[in-house]
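Here is a short report on one chain. Look at the structure first, then read on for selected residues, a pocket and the overall fold.

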Amino acid sequence: MEQSKQDFMKTRPVLPLLLSMAVPMMLSMLIQSLYNIVDSIFVSRLGTDALTAVSLVYPLQNVIVSVAVGIGVGISSVISRHLGAGNQEDADKAATIGMALTVFHSLLFVLIGLFVTVPFLELFTDDAAIVDMAAQYGKIVLCFSFGSLLQISMEKIFQATGNMIPTMFLLGSGCIINIILDPILIFGYFGAPALGVSGAAIATVIGQIASFLLYIVVYKKMDIGVTISRAHLSFDVPIIKQIYAVGIPSSIMTTLPSILISILNSLLIGFSDVYVAVLGIYFKLQTFIYMPANGIIQGLRPIVGYNYGAHESKRMFQAIHLSLILAAILMAIGTVGALVFPEQILSLFDADASLMESGVTALRIISLGFLVSTFSIVYAGTFEALGKGRESLAISLLRQFIITIVLSYILAAIFGVNGIWAAFPIAEAIAAVAAVILFGRTKRHLY
């Protein structure tokens with residue numbers, strides 16, 4: 001692909017460019033969020049134990065997504081920066097080597113699914129029925145995670161070259177397939193066997209594999225801006241280092257919620273099993289807010305990476321500022337929804353009286369941190385686009401791990417379970433201040 005085909009990244013007005021890149025991703029993220037919520041809604045029809053079982057597996061599922069997204073972001077960052085600098089050959093190598101690394105990661109998850117799932121679940125409950133249901137679900141989504149991993153890597157390659165419209169439809173297709181198959185396989189409609197939580201897991205992996213196959217079809221039909229081929233496959237240490245320099249911190253960053261949930265589950269279960277279900281529901285619901293915001297970040301990354309490589313700093317900073325405004329609007333909407341309509345939201349999960357009471361309080365407290373988190377998520381994404389994975393990781397460690405965990409233990413001892421919920425917005429506020437300071441210092445030394 002000729003370099004001139006990428007000139008729109010540095011010539012088109014920034015706001016229309018950002019919207020054209022971000023809106024398709026926001027829509028696809030909304031669909032993905034809907035699929036996550038619908039999945040839980042269907043599982044909740046099987047009872048609170050089933051919902052708890054799936055909630056216990058969520059950290060392991062998130063590890064899959066973390067590795068896939070992390071490496072995908074690394075691939076995307078390297079591709080966009082090389083394209084901005086006019087290095088087409090290295091951009092093609094990054095795409096090809098990135099896919100090869102993804103295949104290797106897929107094999108590792110088969111081993112994790114077979115040997116880690118049950119021991120992991122037994123750390124959090126001794127209820128044999130819950131462990132059995134959770135193991136059924138977990139082994140399927142882990143051992144067949146190659147669909148998710150390969151699909152996300154292709155997604156990031158498409159995004160790196162500005163192909164957002166095809167990505168929107170391809171991401172959405174897998175989610176829609178999953179939503180359609182969920183009730184059929186869980187409850188046994190249209191002559192299918194009623195597979196319960198296993199049916200939910202099978203629907204998930206089928207949707208992911210189908211989405212990846214559709215990516216391959218579209219890649220074969222169009223020039224996306226980079227070429228994935230055996231000719232570009234090599235053990236290119238500099239490019240591998242570039243991918244992992246962003247990919248490893250990004251994967252750790254995305255894995256943090258999984259570790260956080262596991263630690264908080266062990267703390268919450270000391271109060272009641274109901275709070276484990278509440279936390280699981282919250283993390284499903286918060287994706288409905290943060291995933292569209294992440295759509296903005298996914299639109300921002302290639303713009304920042306390309307213009308950084310092309311030394312167009314004015315356009316790069318303008319895109320960052322506009323992203324802050326758009327993300328803040330989304331976060332404000334999420335805050336109002338959680339504060340005003342928590343009962344209606346929880347009723348989607350067939351919440352009984354105790355789950356409803358606990359969930360309403362949790363949503364209202366945690367949502368107080370949504371708006372201020374705008375700075376953290378936008379600046380973390382900016383650092384990834386610039387190839388500065390350590391800075392991005394530092395921000396995420398503060399907001400999603402260190403402060404939240406420390407405060408949860410301290411405040412739980414003082415205020416009970418509500419202290420754990422309060423730890424979330426306090427951590428977001430502290431991380432936001434740190435993100436602003438860190439970006440201010442980095443900004444002065446970019447060129």
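Ser392 touches Met253, Ala380, Phe383 and Glu384, leaving aside residues up to four places away in sequence. This is a predicted model. Ser392 sits in helix H16, which covers residues 389–415. Is Ser392 buried or exposed? Ser392 counts as buried, because its relative accessibility is 1% and the cut-off for buried is under 20%. One of its contacts, Ala380, is 12 residues away in sequence. The C-alpha atoms of Ser392 and Ala380 are 4.4 Å apart.

**Two more buried residues**

Ile303 belongs to helix H11, which spans residues 273–309. Its relative accessibility is 1%, so Ile303 counts as buried. Which residues does Ile303 contact, beyond its neighbours within four places in sequence? They are Met9, Leu17, Leu18, Met21 and Ala319. Met9 falls within helix H1, residues 8–11. Helix H1 is where confidence is lowest in the chain, at a mean pLDDT of 75. Where pLDDT is low, predicted coordinates should not be read in detail. Ile303 can also be placed relative to Ala385. The two are 82 residues apart in sequence, and their C-alpha atoms are 8.5 Å apart in space.

Ser148 lies in helix H7, residues 146–160. Ser148 is buried, because its relative accessible area is 6%. Setting aside residues up to four places away in sequence, Ser148 touches Ile64, Ala68 and Gln208. Ile64 and Ala68 fall within helix H3, residues 48–84. Gln208 falls within helix H9, residues 197–221.

**Loop residues**

Three residues in loops between helices follow.

| Residue | Loop | Relative accessibility | Class |
|---|---|---|---|
| Phe190 | H8 to H9 | 79% | exposed |
| His311 | H11 to H12 | 60% | exposed |
| Phe341 | H12 to H13 | 44% | partly exposed |

Most residues other than glycine have a negative phi. Phe190 has a positive phi, near 55°. Phe190 lies between helix H8 (164–187) and helix H9 (197–221). His311 also has a positive phi, near 60°. The loop that holds His311 runs between H11 and helix H12 (313–340). Why do Phe190 and His311 count as exposed? Phe190 has 79% relative accessibility and His311 has a relative accessible area of 60%, and exposed means over 50%.

Phe341 lies between H12 and helix H13 (342–347). At 44% relative accessibility, Phe341 counts as partly exposed. Phe341 and Gly72 are 269 residues apart in sequence. In space, their C-alpha atoms are 35 Å apart.

**The second largest pocket**

How much space lies in the second largest pocket? The value is about 180 Å³. Its lining has 13 residues. Nearest the pocket centre are Asp49, Thr52, Ile130, Asp273 and Val274. Helix H3 (48–84) and helix H11 (273–309) are the elements that give two or more residues to the lining. H3 provides the largest share, with four residues. By type, the lining divides into six nonpolar, three polar and four charged residues. H11 thus appears in two places here: it helps to line this pocket, and it holds Ile303.

**The chain as a whole**

How many helices and strands does the chain have? It has 17 helices and zero strands. The chain has 447 residues, and 60% of them count as buried. For that number of residues, a compact globule would have a radius of gyration near 22 Å. The chain has 21 Å, which agrees. Its C-alpha atoms fill a box of roughly 60 × 50 × 35 Å along the principal axes.

The contacts say something about sequence separation. Take those with a separation of 6 or more: residues 24 or more positions apart account for 83% of them.

Where is confidence highest and where is it lowest? The highest value is in helix H4 (residues 88–115), at a mean of 95. The lowest is in helix H1, at a mean of 75. Over the chain, the mean pLDDT is 88, and 96% of residues reach 70 or more.

Methods:
Residues are numbered from 1 along each chain as its sequence is written. This is a predicted model: local features need pLDDT of at least 70, side-chain atom pairs count only at pLDDT 80 or more; totals for chains, interfaces and linings use all residues. Side-chain values use heavy atoms; hydrogens and water are left out. On a 1 Å grid over the protein atoms alone, a cavity is a set of points where a 1.4 Å probe fits but cannot get out, and a pocket is an open set with protein on both sides within 12 Å along at least five of seven lines; lining residues have an atom within 4 Å of a point. Grid points are joined across faces, edges and corners, and a volume is the space filled by probe spheres set on the points. Ala, Val, Leu, Ile, Met, Phe, Trp, Tyr, Cys and Pro count as nonpolar, Asp, Glu, Lys and Arg as charged, and the others, Gly among them, as polar. pLDDT is the predictor's confidence in each residue, from 0 to 100. The radius of gyration is taken over C-alpha atoms; the globule rule is 2.2 Å times the number of residues to the power 0.38. Buried means under 20% relative accessible area, exposed over 50%, partly exposed in between (1.4 Å probe, protein chains only). Contact means heavy atoms within 4.5 Å.
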